[in-house]
Amino acid sequence: MGKLYGYAGKILRVNLTSQKTIIENLNEKYARDYIGGRGMIARIAWDELKPGIDPFSSDNKLIFMTGPLTGILSPGSGRTALGGIAPQVYPRPWFTRSNSGGRFGPELKYCGFDGIIIEGASEKPVYLWIHDERQVEILNAENLWGMDTFATQRELSKIHGNETASIAIGPAGERLARIATINSGSGNAFGQGGFGAVMGSKKLKAIAVTSRRNAKEVNETGILEVADPKRLFELWQKTLKLLQGGRAIPEEHLPKSYDGVEIKYPRKFHACTHACPGLCSRGRFVWSSFMWKDLPSKVFHVNESGTTMCIGPYFMGFETEAAAPAHVKWSLDFADGLVVKNLSDKLGINQWDFIGGIALAMFLCRCKGLKTEKDLGIDCPINPNDPNFWAKMLYMTAYRQGIGDYIAEGTARAAEKLGIPDELVPHVTCGYTEHGAGRGVWGFFEYPYWIVGALLWATDNRDPFADTGHTYPRIVYGTHYVGPLKPEQLKNLVKKLWGTEEAVAEGYDGKVAPAIWMQNRGCLTSSLPTDDYSFPIVASSFTEDGFGDPSLEAQLYAAVTGIEYTAEQLDKIGERIFNLERAIAVREGRTRKDDERVIPFFKRPNWTRRVTLDEEKFKKLLDEYYKARGWDPETGWPLKGKLIELGLDYVANELYGKKP
Amino acid sequence: MKASSKADVKTVPVKQSAFLKYHPERCTGCGACELACALYHEGKENLALSRIHLIYDPFAGDHKAEVCVQCYSPGCYYACPANAVQIDPDTGARYIDEEKCIGCGSCERACPLMPEKLIIRYKIVDGKKKYFKCDLCRGRPEGPACVEVCPASALELVRR
């Protein structure tokens with residue numbers, strides 16, 4: 001086997017119980033078979049996270065993992081994956097994953113580590129400092145405990161130098177909120193899963209990484225070798241060309257107004273992922289992926305700066321172009337909204353669960369007159385147009401005061417305690433709230449598109465739309481880099497990708513292929529990693545035929561690591577990772593019954609055309625899905641033959657017993 | 001070396017240089033410039049190998065880039081006792097010839113922007129210090145790598 005380029009070559013293992021750190025060699029076979037990131041995490045979890053581990057016990061582990069492309073001039077490669085037993089999962093926590101952009105992953109690699117495995121639990125608050133040539137220290141964090149995530153990061157930069165990149169938990173994580181995040185910078189977070197609470201249960205306040213980027217002397221550690229630098233440059237240019245026709249001039253693309261109102265505050269495009277190749281919000285979203293400077297908030301009397309991306313800006317206002325029920329529309333002054341958004345990041349609260357879950361549920365509940373403020377125990381009007389309402393709820397949640405004690409347990413559990421009727425709670429399944437399901441913050445997602453969403457939701461072990469499902473909506477609605485496709489173009493594209501035009505047509509036919517393809521690609525996206533908001537690049541406004549280049553991932557992987565795979569061969573690795581994750585779930589007791597738990601949610605009428613899920617047809621679709629996956633339609637287990645075909649013999653042996 | 005012979009070299013008028021202009025209002029902070037710089041010059045990746053430095057402050061709402069301004073009167077050029085700091089005949093870039101560099105650090109100490117900004121730093125090659133700085137990607141037909149990869153046109157090569 002040839003040399004493996006791109007990796008830093010070591011994994012850091014930290015045991016907080018014994019306060020010892022071990023530096024392990026990167027398992028080269030794992031690296032080849034599972035690439036990195038999400039794939040490596042699944043492989044390690046299979047060995048180390050046996051079923052029945054409580055998320056808050058010292059047996060749970062936090063596995064942070066970068067990929068071979070991280071820290072290298074590969075588009076959108078600066079992402080870090082995280083895995084462990086997730087407390088947010090409902091009703092019983094299981095193994096799942098999260099993912100974050102920012103600078104943490106690249107800097108970790110420049111310090112010589114591909115990943116960190118955190119084990120055990122400390123008695124006193126500590127933080128981890130990784131610096132220079134694989135130097136690792138577990139330091140006292142008693143002074144940091146209680147601080148918000150921004151203050152913690154600033155303090156760590158003050159102690160260890162400006163170049164320090166850190167991730168930290170806030171008060172929500174310290175109080176074991178099941179919706180606690182691990183934050184980095186002013187907008188990035190390992191958001192979903194409640195891993196902030198796992199860090200809190202381990203009394204680990206933060207991880208700070210100080211590479212030698214600001215040192216005068218350059219040394220050998222953490223210098224990442226690249227198999228073919230020249231090709232990588234060409235691929236970068238190719239990506240730029242496909243996404244935005246080459247270098248863009250930002251001021252030509254800044255949206256000037258929102259809903260007829262001029263945006264008066266200074267802002268600029270912001271890359272939420274290290275090595276992000278484009279202007280994400282170009283022409284489509286008004287506020288995502290921006291950096292704002294000194295916005296004067298009249299309500300909070302501060303000048304606020306920070307970054308907004310993904311769901312965070314929904315604090316500023318929420319309105320989908322489709323039929324969002326009038327009572328869940330709101331809009332705040334952007335300056336006040338930014339303060340609220342920053343507050344949720346400072347406290348370390350999962351915005352998907354908070355805005356897209358319990359907040360929506362409360363607004364619906366109040367408007368229908370089912371519950372008053374008094375019933376819910378809130379001493380101010382439930383008014384989404386009032387920034388103080390948001391701030392109050394966030395503080396109550398993070399510090400577990402009053403009703404906040406329930407909200408901190410996540411939307412699914414909170415709604416149960418508060419007695420909000422199920423049909424008003426945007427909880428899809430397993431503790432995650434609506435995303436790509438046509439009935440909440442993604443209310444614009446029409447029938448039949450959310451059928452693919454339902455399949456993804458049924459078969460994944462978390463909200464699939466943060467790292468898997470973006471491609472499909474991008475195709476059907478157009479994206480920041482390609483406007484809405486013409487009907488003919490759309491048909492050609494889906495036919496080329498999934499072999500059937502029915503993938504985007506009315507009805508339940510042809511929906512399995514896009515789901516499986518996206519799941520396998522999603523595994524690659526967070527293993528290589530690439531940014532799932534741009535990749536796979538399936539369509540482009542800047543090519544003659546309107547097609548993108550879905551084999552770009554394989555080309556990037558080859559240019560960095562020196563391993564030449566075709567897109568199909570790489571997809572096979574994606575399939576292997578997805579099946580391994582499924583096997584972990586199966587070992588934890590997951591069956592087809594758990595998959596079908598999505599059905600009640602999708603049987604609610606969707607927000608645009610009031611269409612409900614046809615249970616019969618959907619169950620048939622599931623049959624079809626399991627068959628295409630090589631899984632048993634009765635149980636939802638991957639079949640032995642499939643596991644062996646994917647090189648998962650050790651999994652087959654454990655699941656099916658040692659006998660042939 | 002006699003003082004006179006040294007003076008012969010250094011009194012030659014120094015060609016004015018092109019320079020990199022940075023537009024902070026366009027910069028997205030993606031770091032592609034740093035990655036491209038290290039990758040082009042060293043064929044490897046680590047931000048410590050980059051000649052351009054991005055200062056991130058997500059809390060202040062700003063990015064800054066630090067890169068050699070290619071001074072009109074380059075202190076590094078005049079200070080170098082080994083004639084390792086040279087002037088590129090095409091762009092005018094003040095660059096360090098790695099072969100000639102004796103690792104004394106005179107250039108770094110003479111730089112008017114250091115030590116506040118990391119303009120000149122060194123690596124160890126075969127046990128010897130070798131200084132490096134921005135050379136505007138001397139000899140690269142497409143021009144500076146950082147300019148070429150920037151998705152937001154935040155860097156621009158201004159010729160003089």
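The following passage describes the fold of chain A and its interface with chain B in a predicted model. Local features are restricted to pLDDT of at least 70 and side-chain atom pairs to pLDDT 80 or more, whereas totals for chains, interfaces and linings use all residues. Residues are numbered from 1 along each chain as its sequence is written, and chains are lettered from A and ligands numbered from 1 in the order in which they are written.

Chain A contains 24 helices and 23 strands (DSSP runs numbered from the N terminus, H or I of at least four residues for helices and E of at least two for strands). The C-alpha trace of chain A spans about 65 × 60 × 55 Å along its principal axes. The radius of gyration of chain A is 23 Å, which agrees with the value near 26 Å for a compact globule of 660 residues (taken over C-alpha atoms; the globule rule is 2.2 Å times the number of residues to the power 0.38). Buried residues, those with 20 or more other C-beta atoms within 10 Å of their own, the C-beta atoms being placed from the backbone, constitute 60% of chain A.

At the interface, 50 residues of chain A are in contact with 33 residues of chain B (C-beta atoms, placed from the backbone, within 7 Å). Elements of chain A that each supply at least two residues to this side include α4 (149-160), β13 (217-218) and β18 (290-297). The most is given by α7(A), with five residues. Strand β13(A) pairs with β7 (residues 121-125) of chain B in the parallel sense over two bridges, pairing requiring at least two DSSP bridges. Within β7(B), Lys123(B) is the bridge partner of Val218(A).

Key
Two residues are in contact if their C-beta atoms, placed from the backbone, lie within 7 Å. A residue is buried if 20 or more other C-beta atoms lie within 10 Å of its own, exposed if 12 or fewer, and partly exposed in between; C-beta atoms are placed from the backbone.
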